[in-house]
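Q: Please take a close look at one part of this protein and describe how it is built and what surrounds it. A connected account, suitable for a first-year student, would be appreciated.

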Amino acid sequence: MVVVERDENLLLLRKCLADGIQGKGGVALLSGPVGSGKTELLRQITDHATAADVLVLAARGSRTEHDTPLGILRQLFHSTSLPPGRTEIVEQLLHSGARTAMARGPEQETIEQVDAQITHGLCAEIFELAGDCPLLIVVDDAHHADISSIQCLLRLIHQLRSSRVTVMFAECEGPQPVHPLFHAELLRQPHCRRIQLVPLSQRAVFQILEQQMDAPTARRLVKACHQISGGNPLLLRALLEDYQMSAMAGAAELVVGTNFKQALLACLHRSTPTALEAARGIAVLGESSTATLIGQLLNAPIESAVQTMLSLDMAGLLQGERFRHPAIRSVVLDDMSPQALADTHRRAARLLYHGEAQATVIAKHLIAAEHIQVPWALTVLLDAAKDASANDQSELAIECLELASQAATDEQQRAAILVLLARATSRISPVSAARQFLDLADIQRAGRLEIRDAALIISHQLWFGRFDEGVSALEQLKESAVPSDAGTAAELRAARARLASWFPPLQVHIPETMTTSPLADTTPATGDKLLRAATVLRSVLTQGVDEAIIAEAEHVLKEFQAEDECIEDTVSALIALIYSDRMDLAVQWCNRLLKEASARRSSGWQTMFAIVRAEIAIRQGDLPAAEKHSRSALANMPWRSTGVANVGPLSSLLWATTAMGKYKEAASVLNQPVPDGAFQSRFGLHYLHARGHYHLTQNRFDAALEDFTVCGDLMTDWGMDLPSLIPWRTGAALACLHLGQTYQARELVNDQLRLVLVRLGTVRSRAHGITLRALAAVSETGKRPPLLKQAASEFQECGDRLELAHTLADLSRAHRELGETSQAQMAARQAQHLAVECRAEPLVMELSNHVNAKAEVAVHVEDGTLTDGERRVAELAASGHTNRQIADKLYITVSTVEQHLTKVYRKLNVTHRAALSTRFPRDGIADSA
């Protein structure tokens with residue numbers, strides 16, 4: 001790569017050489033950041049000297065030979081062929097000088113390392129060489145030169161004035177010279193020239209790019225090249241080499257690859273020791289890096305640290321107090337030995353702690369060093385874990401808690417930390433967390449956990465189907481769970497409410513102190529908040545639905561949303577809204593929480609909310625969504641075939657695949673093992689209900705009736721016979737009708753109707769709609785249309801499209817049995833349209849036999865001109881219905897009616913509503929009103 005912006009520097013070096021050739025010996029000190037082009041300039045001047053018949057002696061300092069006495073002098077003499085007989089003399093002088101320097105101990109510039117006689121002899125040999133021709137001595141990386149060589153060269157320089165010897169040094173700039181006395185002595189020489197190099201400008205970078213690529217590409221890359229390389233020629237060259245290699249592979253942008261990383265390491269190891277250590281400190285400190293901290297790490301004054309960082313900036317590595325590119329930090333860290341890295345992290349942690357840095361910042365260094373041998377480590381790690389969880393840094397929280405568990409001072413403290421660790425793990429890996437919770441069972445049995453944590457461990461035993469262990473743990477808790485204060489009492493009652501809501505038959509094993517407490521009336525605000533959150537679902541299941549409970553569920557969701565310690569209560573509040581038939585609120589909150597869980601990268605939360613979302617989709621008639629969310633949940637379930645919780649999404653998947661006509665897939669779901677414990681949980685009720693409906697589709701009516709009846713018996717025994725939870729009586733009634741048990745079917749429906757009115761009041765609801773549809777099924781044909789229309793209205797209001805489709809299909813059949821062909825046709829079309837949207841293929845196929853796609857009214861319109869939806873709207877508009885009336889009849893919005901009419905006008909080439917009457921005669925219009 002051609003050197004640019006170095007012409008003046010090269011000119012000064014040539015002038016210095018010219019003076020030496022003319023017998024005016026001189027010295028040049030070439031200073032600049034590492035990689036700034038010093039070596040390239042020395043190469044060019046040595047080529048120029050060789051061409052002018054100047055003898056060149058060259059040497060380069062290195063970190064590894066810094067302590068080798070007379071190492072630089074040895075390189076200089078070995079870089080040329082000495083005259084006959086002189087080799088032995090030089091070798092003897094070098095050997096004697098090195099032996100003397102080693103005997104005098106550690107190098108110090110103030111101590112003469114080599115005897116004056118030896119120094120004089122070596123200088124004489126150099127001047128002897130210059131007697132035959134001009135001589136150029138070049139020492140690159142002089143900051144790494146050994147002190148004995150430096151002292152010899154300094155004596156040589158004192159005698160240069162009337163000789164044909166020129167000496168040139170190249171050194172890296174730093175806060176202070178590596179050899180300060182030599183540096184000061186050198187610069188005070190009148191024949192010494194100091195030449196300083198600066199980073200390349202963006203213009204110079206562009207000139208270099210133009211030499212290797214077309215101008216448009218150079219213009220596109222110049223800014224990034226200058227930014228990443230910092231104008232360092234060595235780094236720029238390596239960056240372009242990486243680009244050329246990546247461009248051959250099809251890449252269009254810059255790539256920081258192997259060449260750049262190798263060049264970076266070369267820069268670091270050719271720089272001053274202080275600069276290297278500073279770079280390592282900056283890499284370890286990361287975003288915390290400041291000149292003050294770097295000075296403290298290096299045990300150097302702040303002024304020195306500032307100058308060191310400035311030199312790294314000039315070298316293209318830093319921009320201010322940060323590395324210019326993330327790759328630079330990675331390379332520096334990888335270059336450190338494990339011991340040095342850990343030691344630097346330990347010192348950084350101490351400095352940051354005493355500087356009152358954030359706990360998470362300090363904790364990262366403690367973790368990197370695995371350092372807990374300080375009294376404040378545990379407090380910092382726990383604080384950092386809390387902050388990390390709040391900021392969705394789950395991986396960091398887990399690392400903090402894992403190290404904190406090792407720093408715990410007693411077993412009870414360690415047990416509490418392990419619970420926190422399992423909670424944190426559950427956010428990103430439910431499978432790992434589930435095992436961690438089970439592993440805590442021994443600690444729970446030993447009584448080393450708080451009440452809330454103990455109840456959490458027991459619940460996980462139950463989720464895993466380990467009911468014997470869970471019951472045993474509950475019995476043990478009976479003896480030890482005595483509330484010592486109001487807060488503990490609230491936690492006991494909250495734990496009882498949670499367990500009773502999810503595992504109702506276990507209520508008999510729940511400690512009495514978890515049911516009631518004399519301290520309940522004095523529960524503090526925090527405990528009251530937890531208690532209200534935990535009991536909202538239990539209230540719906542046992543007391544029925546009212547506006548106060550719905551408001552409380554929303555309050556819980558607003559207050560807790562997705563917090564680690566309250567995630568179970570958040571899910572319970574969502575389910576409370578579902579069982580209250582408030583699907584509008586449930587879907588709004590669940591979608592928000594799913595989005596939040598995704599943004600916070602919490603797969604554990606996503607799994608829990610996906611289970612709930614699948615249930616919502618079932619109740620909205622959105623079968624594809626129910627299938628998607630239930631499969632998503634099952635893919636991440638930690639309990640697999642041994643657990644209870646997977647029965648929830650299995651139930652939704654069974655329901656969805658059955659309703660969609662995917663009977664083979666539904667059968668596959670049924671073939672998956674279900675633990676016995678599932679039927680001691682609320683999930684088992686949903687499974688029995690879904691399996692009963694599958695049996696109905698397969699004409700196994702006795703099996704269906706048994707499932708519905710068992711489901712009902714469990715709900716009754718558990719004190720949660722709530723139709724909005726599961727309307728088991730309507731399923732049982734349908735099975736009875738198929739079995740010819742009409743009286744029993746009618747009794748079941750009437751019982752459910754009474755229960756709906758008692759538990760849900762007069763509020764229009766999905767459960768009421770289901771009951772009305774069942775009531776129509778057990779009523780005389782003439783009484784069915786009004787009941788079905790009322791049911792359809794309720795389904796439209798609550799948003800259950802599948803139940804609405806089935807209800808309209810029932811309405812079509814009722815009209816057909818009554819001989820009302822037009823009304824039957826209209827209802828069938830509406831039902832088929834909804835069934836197609838829901839992907840309910842069996843219902844679509846059933847209705848296709850009753851929907852005449854080419855009705856008589858179509859003779860007035862070309863076949864295929866209007867869609868079915870547009871045709872229905874046009875027919876009603878032609879008969880004089882208003883847009884609102886059309887919307888109510890077709891169960892669509894007014895906006896949709898308007899859109900359909902706009903398309904109808906355009907397709908039929910009419911301009912007003914009255915013109916439709918000529919295309920759709922009144923006697924051809926099917927009206928289901």
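A: In this predicted model, a suitable place to begin is His144, which, leaving aside its neighbours within four places in sequence, is in contact with Gly61, Ser62, Arg63, His66, His269, Arg270, Ser271 and Pro273. His144 lies in the loop between β3 and α6. Its relative accessible area is 4%; a residue is called buried when this value is under 20%, so His144 counts as buried.

From this loop one may turn to strand β3 itself. β3 is mostly covered, with six of its six residues buried. The side chains of the strand point in two directions: Leu135, Ile137 and Val139 point one way, while Leu136, Val138 and Asp140 point the other way, and all of these residues are buried.

β3 has a partner on either hand. With β2 it pairs in the parallel sense over six bridges, and within this pairing Leu57 has Ile137 of β3 as its bridge partner. With β4, β3 also runs parallel, and five bridges join these two strands. Ile137 appears here as well, since it stands opposite Val167 in β4. Ile137 may thus be followed across the strands, with Leu57 as a bridge partner and Val167 of β4 opposite.

These pairings belong to a wider arrangement. Five strands form an open sheet, in the order β2-β3-β4-β1-β5, and their pairing is parallel. At the edges stand β2 and β5 (192–196), each of which has a single partner strand, so one side of each is left without a neighbour in the sheet. On average, neighbouring strands of this sheet are turned by 15 degrees against each other, direction ignored. At the β5 edge, β1 and β5 pair in the parallel sense over five bridges, and Ser31 has Gln196 of β5 as its bridge partner.

Helices accompany these strands. Helix α6, made of residues 147–158, packs on the sheet and touches β1, β3 and β4. The direction of α6 makes about 140 degrees with that of β4. Together, β3, α6 and β4 make a right-handed β-α-β unit. The loop that holds His144 is the one between β3 and α6.

Helix α2 also meets the strands. It covers residues 38–51, has 14 residues and reaches 20 Å from its first C-alpha to its last, close to the 20 Å expected at 1.5 Å a residue. The buried residues of α2 are Lys38, Glu40, Leu41, Leu42, Ile45, Thr46 and Ala49. An α-helix has 3.6 residues a turn, so residues three or four places apart point the same way. This spacing may be kept in mind when one looks at Leu41, Leu42, Ile45, Thr46 and Ala49, which are among the buried residues of α2. The buried residues of the helix pack against α1 (7–21), β1 (26–32), β2 (55–60), β3 (135–140) and β4 (165–172).

Just after α2, Asp53 takes a positive phi of about 65 degrees. Most residues other than glycine have a negative phi, and most peptide bonds are trans. A positive phi is also found elsewhere in the chain. Glu356, in the loop between α16 (338–354) and α17 (359–369), has a phi near 60 degrees. Glu370, in the loop between α17 and α18 (377–390), has a positive phi of about 50 degrees although it is not a glycine. Glu356 counts as exposed at 73% relative accessibility, and Glu370 is exposed as well, with a relative accessible area of 63%.

Finally, the sheet may be set within the whole protein, which has 46 helices and seven strands. Buried residues make up 55% of its 929 residues. Of the contacts with a separation of 6 or more, 68% are between residues 24 or more positions apart. The largest nonpolar core has 126 residues, and those with the most contacts inside it are Tyr579, Phe609, Leu685 and Leu725. A second, separate core has 91 residues, including Ala218, Met336, Ala348 and Leu378.

Conventions: Residues are numbered from 1 along each chain as its sequence is written. This is a predicted model: local features need pLDDT of at least 70, side-chain atom pairs count only at pLDDT 80 or more; totals for chains, interfaces and linings use all residues. Side-chain values use heavy atoms; hydrogens and water are left out. Helices (H or I, at least four residues) and strands (E, at least two) are DSSP runs, numbered from the N terminus. The expected span of a helix is 1.5 Å times one less than its number of residues. Buried means under 20% relative accessible area, exposed over 50%, partly exposed in between (1.4 Å probe, protein chains only). Contact means heavy atoms within 4.5 Å. A nonpolar core is a set of buried Ala, Val, Leu, Ile, Met, Phe, Trp, Tyr and Cys residues joined through side-chain atoms within 4.5 Å. Two strands pair if DSSP finds at least two bridges between them. Axes are lines fitted to C-alpha atoms, for helices over the stretch in contact, and angles run from 0 to 180 degrees between N-to-C directions. A crossover is right-handed if, with the strands pointing away from the viewer, the path from the first strand over the helix to the second runs clockwise.
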